[in-house]
There are 2 protein chains.
Amino acid sequence: MGSPYGFELVENCVICKLRTDSFFCSLPKTALEAFDKIKYSASYPAGAVLFVEGQSPRGIYMLCKGRVKLSTTSAEGKTLILKIAQPGEVLGMHATVSGTPYEITAETGQPCQLNFIKREEFLNFLQKHGDACLKAAQHLSKDCQSAYQQIRSLGLSHSAPERLARLLLEWTASTHDQAEPKVKLALTHEEIAQIIGTSRETVTRVLADFRKRQIAVLKGSTLTIRNKSVLEKLVGA
Amino acid sequence: MGSPYGFELVENCVICKLRTDSFFCSLPKTALEAFDKIKYSASYPAGAVLFVEGQSPRGIYMLCKGRVKLSTTSAEGKTLILKIAQPGEVLGMHATVSGTPYEITAETGQPCQLNFIKREEFLNFLQKHGDACLKAAQHLSKDCQSAYQQIRSLGLSHSAPERLARLLLEWTASTHDQAEPKVKLALTHEEIAQIIGTSRETVTRVLADFRKRQIAVLKGSTLTIRNKSVLEKLVGA
DNA sequence: CGGGGCTTGTGACAAGCATCACGAGGGCGC
DNA sequence: GCGCCCTCGTGATGCTTGTCACAAGCCCCG
C-alpha cells in the first residue's frame, strides 16, 4: 500500500524488514505474533506530537522508522531535550508501566512509522510473555543509564565547552578509529543548546571556537571531528 | 539472633516485619518464597560501599533497613548525589538487568540491612515469576522518573536558590497540609550541594538567606518550612 | 578539659555565561 | 524575483556563582 509520507507502511511485524536487533523486534516468534496482534501501525509527519508531559498514559509507542525528540519543558517555557530516539526504541514505557503521567513530551522530528499499543493490552502482553517483560526491563535500564549519563553531563561539568565536547564525542562514539569521524545530524544550534542546557548563543560561540582551533567543524548537517584528543582533554579535566 | 549494628537481622522475608508495600516485598507468596531462597541477608555499618561505578554487575541489593547514598563522581573528583535510597528500594538493578557496568556508586549512610541476590539467580527469578518481572519494570520506571526529575532540576533552572527550593519542597512533599512542615534529614551542606549540583558555600549562603527571610530554617538535622508559598514561587518562575 | 577534625559562616574577586540587541545569510512559498 | 521567516554570527553588559581564604562552632575522644 502507498503512504502519504514517502515510505511503505509495514503492517506485519513478523515479516517486517525494518526490524532491528533491539528490544521487541527481536522477540521469539510466539511473542512477536502476539505483539503484532495488539499493535496499531501508523505513520506521522514531521512535527507530530505523540504525547505531552502531564498526560495520563494511554500506552506505548514503538518507533520503527524515523527520529523522535524527547523533551521536557519548564514553567517559563525553557525546553530541555532528553534524547533523540532512534528506530527500535519504545516511547512512553515508564509512564505506561508505572501508571503515572508521561513525564516527557515526544515529538517526531521527521516522518515516522510507529506502532502504538494500548496500556492495558501492553501490560497483559508483558504478563503473559516473560521474555518480553525482561526485554522491557532491559529497555528501561537503558533509558535509566542514558538519563544518568545526562545527569552526569549536566551536574558534573561547569563549562559549556566541556558539555558540548562530551556531546560531540557521544555522537561519534560509534565511528571507531577513523582519522576524521563524520556524523550527519539535523539539529539546530538551538536544539543542541537544549540538549546540553545552555543558550543558543553559547553553542554558536563554542562551535566557532572549535572551528577556529581546528577541533571540530559543523558544516550544514555534517559534523567532522578534526582533533579528537583535544575534545577528550576538554571532557577529562 | 544478635547483630553488631544494633538491630535484629531478619532472615526470612515471608515473616519479615520490615516489609513495605513497595516492590518485591509485596509479591505473592510463591514468588516471595522463591525470592527468599536465593537471597543473602547481611548487615552493613555506615559508610560501607556496596558497589562502585564501573564495576561489572554482581547482582542486586534490596534495601530492607537504613539509607543508602547513590552517587556518581567525575574525573576531577567532584561528586553528584543521585538519590538517597529508602527501605524497599532495589539497588543496582539497571546494571544487573542490562549486563552493563554499574553506572553509579552505592554507599550506606547508616547501619543497613540488605538482601543481596546474584545476577544469574535474579535473572532466572525474573524469568520464572512474571509478576516479579513486572514489579521490576515498575521499579525501573520509578528510577527513570526520579532521574528525569533531577535532569529537569539541573537543566531547566539556572539559579541555585531555585534548585534548593525544589529540593526542600520535594523533601516535604509527603507532609500534607501542615502549617509548618518539619523533616528530619542528616545531610551536610556539602551533600546538599552535591545533590543540586552547586558548591557548599552557595548552599550555606542560600540557606542563610532563607532563614533571614523566614522561608525555611535548617537547625541541626531538622528542616522546618516556614513559608511554603514563597518556595513554590521560587520554583515556579 | 583540651585538642584535632569536620562542619558552617562570610568576604573578596573573577570567570563564565545568560540576556538583549541587531545584522547577515539561506531556504521556501507566492 | 521578492519578501518572509528561521537560523546563525557577534558585541556589550551585568548577574550568578565558583573559588580561595580564613574564622568560628561543634563534636568526639583520649
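How many nonpolar, polar and charged residues make up the surface near DNA strand C? The surface has three nonpolar, nine polar and four charged residues. The model is predicted.

**DNA strand C**

Around DNA strand C there are 16 residues, and those that come nearest are T198(A), S199(A), T202(A), T188(B) and H189(B). Both chains take part. From chain A, α7 (200-212) supplies at least two residues of this surface. From chain B, α6 (189-196) and α7 (200-212) each do so. The most comes from α7(B), with five residues.

**DNA strand D**

DNA strand D is surrounded by 17 residues. The closest are T188(A), H189(A), S159(B), S199(B) and T202(B). Here α6 (189-196) and α7 of chain A each supply at least two residues, as do α5 (160-171) and α7 of chain B. The top contributor is α7(A), which gives five residues. By class, the surface near DNA strand D divides into four nonpolar, nine polar and four charged residues.

The two DNA surfaces are set out below.

| Surface | Residues around the strand | Classes | Element giving the most |
|---|---|---|---|
| near DNA strand C | 16 residues | three nonpolar, nine polar, four charged | α7(B), five residues |
| near DNA strand D | 17 residues | four nonpolar, nine polar, four charged | α7(A), five residues |

**Contact between chains A and B**

Chain A brings 38 residues to the contact, and chain B brings 38 residues. On the side of chain A that touches chain B, four elements each supply at least two residues: β5 (79-85), α2 (93-98), α3 (119-128) and α4 (130-155). Of the residues on this side, α4(A) gives the most, with 19 residues. This side of chain A divides into 18 nonpolar, 14 polar and six charged residues.

**The sheet of chain A**

Four strands of chain A form an open antiparallel sheet, in the order β2-β7-β4-β5. Why do β2 (49-51) and β5 of chain A each have one side without a neighbour in the sheet? Both stand at the edges with a single partner strand, so one side of each is left free of a neighbour there. Neighbouring strands are turned by 30° against each other on average, direction ignored.

β4 (residues 68-73) of chain A pairs with β5(A) in the antiparallel sense, over six bridges. Within this pair, K69(A) has I84(A) in β5(A) as its bridge partner. Chain B meets the sheet too. Its helix α4 (residues 130-156) packs on the sheet and touches β4 and β5 of chain A. The direction of this helix makes about 130° with that of β5(A).

How values were computed:
Residues numbered from 1 in each chain as written. Chains lettered and ligands numbered in written order. Predicted model: local features only at pLDDT ≥ 70, side-chain atom pairs only at ≥ 80, totals over all residues. Near = placed C-beta within 6 Å. Nonpolar A, V, L, I, M, F, W, Y, C, P; charged D, E, K, R; others polar. Contact = placed C-beta atoms within 7 Å. Pairing = 2+ DSSP bridges. Axes fitted to C-alpha atoms, helices over the stretch in contact; angles between N-to-C directions.
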